[in-house]
Amino acid sequence: MKDFSSAVGNLAVTLCNIALVHQDKANLDMALEVYNLTLAARKAQPIRDNPDIAWTAETIGMLQLKKGNHDAAMSAFHEALEVKKEYQENNTIDIARTLNNLDNIHFSKVSLEEAMVMYLEALEIKRICLGNNSED
């Protein structure tokens, strides 16, 4: 089982590298297609690699946001957030960053009340992680 999981993981890494090349060439549609294949491969691994699943979902969200696809971006960010909460404590800078990405979408879609709730949650997480006197 471990060998199979490792093989699928290697496939995911190769796909991710291909997606990065497309992203660097500003071919966002192809990058998204390959990142989605990467995410599917990572989810198919018998031994889940949650940080890589979350990173891939968040990257998909960023590219969707860059293309103006707010609903698709929001879906990807929510997936990343759910996976992160499975393997991290709730009060991490990484989770706060994902909440900020969701906040920005709500803000841009004029869902100001929803954005404010998430901004405040992200701010509280950052305060817990960094302390009251941090410049971040």
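This is a short talk on a few helix contacts and side chains in the structure above.

A word on the source before I start: this is a predicted model.

I will begin with helices α3 and α5. Helix α3 covers residues 50-66, and helix α5 covers residues 93-108. Their axes come within 12 Å and cross at roughly 25°. Angles under 35 degrees count as roughly parallel, and α3 and α5 are therefore roughly parallel to each other. The crossing of α3 past α5 is left-handed.

Which residues make the contact? On the α3 side they are E58, M62 and L65, and on the α5 side R97, T98, N101 and I105. Sorted by class, that contact of α3 with α5 has three nonpolar residues, two polar and two charged.

Staying on α3, the next residue is T59, which lies in this helix. Buried or exposed? T59 has 10% relative accessibility, so T59 counts as buried. If residues up to four places away in sequence are not counted, T59 touches Q23 and Y35.

Y35 brings me to the aromatic side chains. How many aromatic pairs does a search of the whole structure find? The search finds one. The pair is formed by Y35 and W55, with ring centres 6.1 Å apart and ring planes at 70°. Planes over 60 degrees apart count as edge-to-face, so the pair of Y35 and W55 is edge-to-face.

The pair links distant parts of the chain. Y35 sits in helix α2, residues 28-44, while W55 sits in helix α3, and the two are 20 residues apart. As for accessibility, Y35 is at 0% and counts as buried, whereas W55 is at 39% and counts as partly exposed. So Y35 has been named twice: as a residue that T59 touches, and as one ring of the aromatic pair.

The last residue is M74, found in helix α4, residues 70-87. Its relative accessible area is 14%, so M74 is buried. What is M74 in contact with, once its neighbours within four places in sequence are left aside? The list is L102, I105, H106 and K109. One of these, I105, has come up before, as an α5 residue in the contact with α3.

One distance to finish on M74. From M74 to I95 is 21 residues in sequence, and the C-alpha to C-alpha separation in space is 14 Å.

To recap: α3 and α5 are roughly parallel, Y35 and W55 form an edge-to-face pair, and M74 is buried. That is what I have for today.

Note on methods:
Residues are numbered from 1 along each chain as its sequence is written. This is a predicted model: local features need pLDDT of at least 70, side-chain atom pairs count only at pLDDT 80 or more; totals for chains, interfaces and linings use all residues. Side-chain values use heavy atoms; hydrogens and water are left out. Axes are lines fitted to C-alpha atoms, for helices over the stretch in contact, and angles run from 0 to 180 degrees between N-to-C directions. Helices (H or I, at least four residues) and strands (E, at least two) are DSSP runs, numbered from the N terminus. Angles under 35 degrees count as roughly parallel, over 145 as roughly antiparallel, 65 to 115 as roughly perpendicular and the rest as oblique. A crossing is left-handed if the near helix is turned anticlockwise from the far one by less than a right angle, and right-handed if clockwise. Contact means heavy atoms within 4.5 Å. Ala, Val, Leu, Ile, Met, Phe, Trp, Tyr, Cys and Pro count as nonpolar, Asp, Glu, Lys and Arg as charged, and the others, Gly among them, as polar. Buried means under 20% relative accessible area, exposed over 50%, partly exposed in between (1.4 Å probe, protein chains only). Rings of Phe, Tyr and Trp (its six-membered ring) pair if their centres lie within 6.5 Å; planes under 30 degrees apart count as stacked, over 60 as edge-to-face and the rest as tilted.
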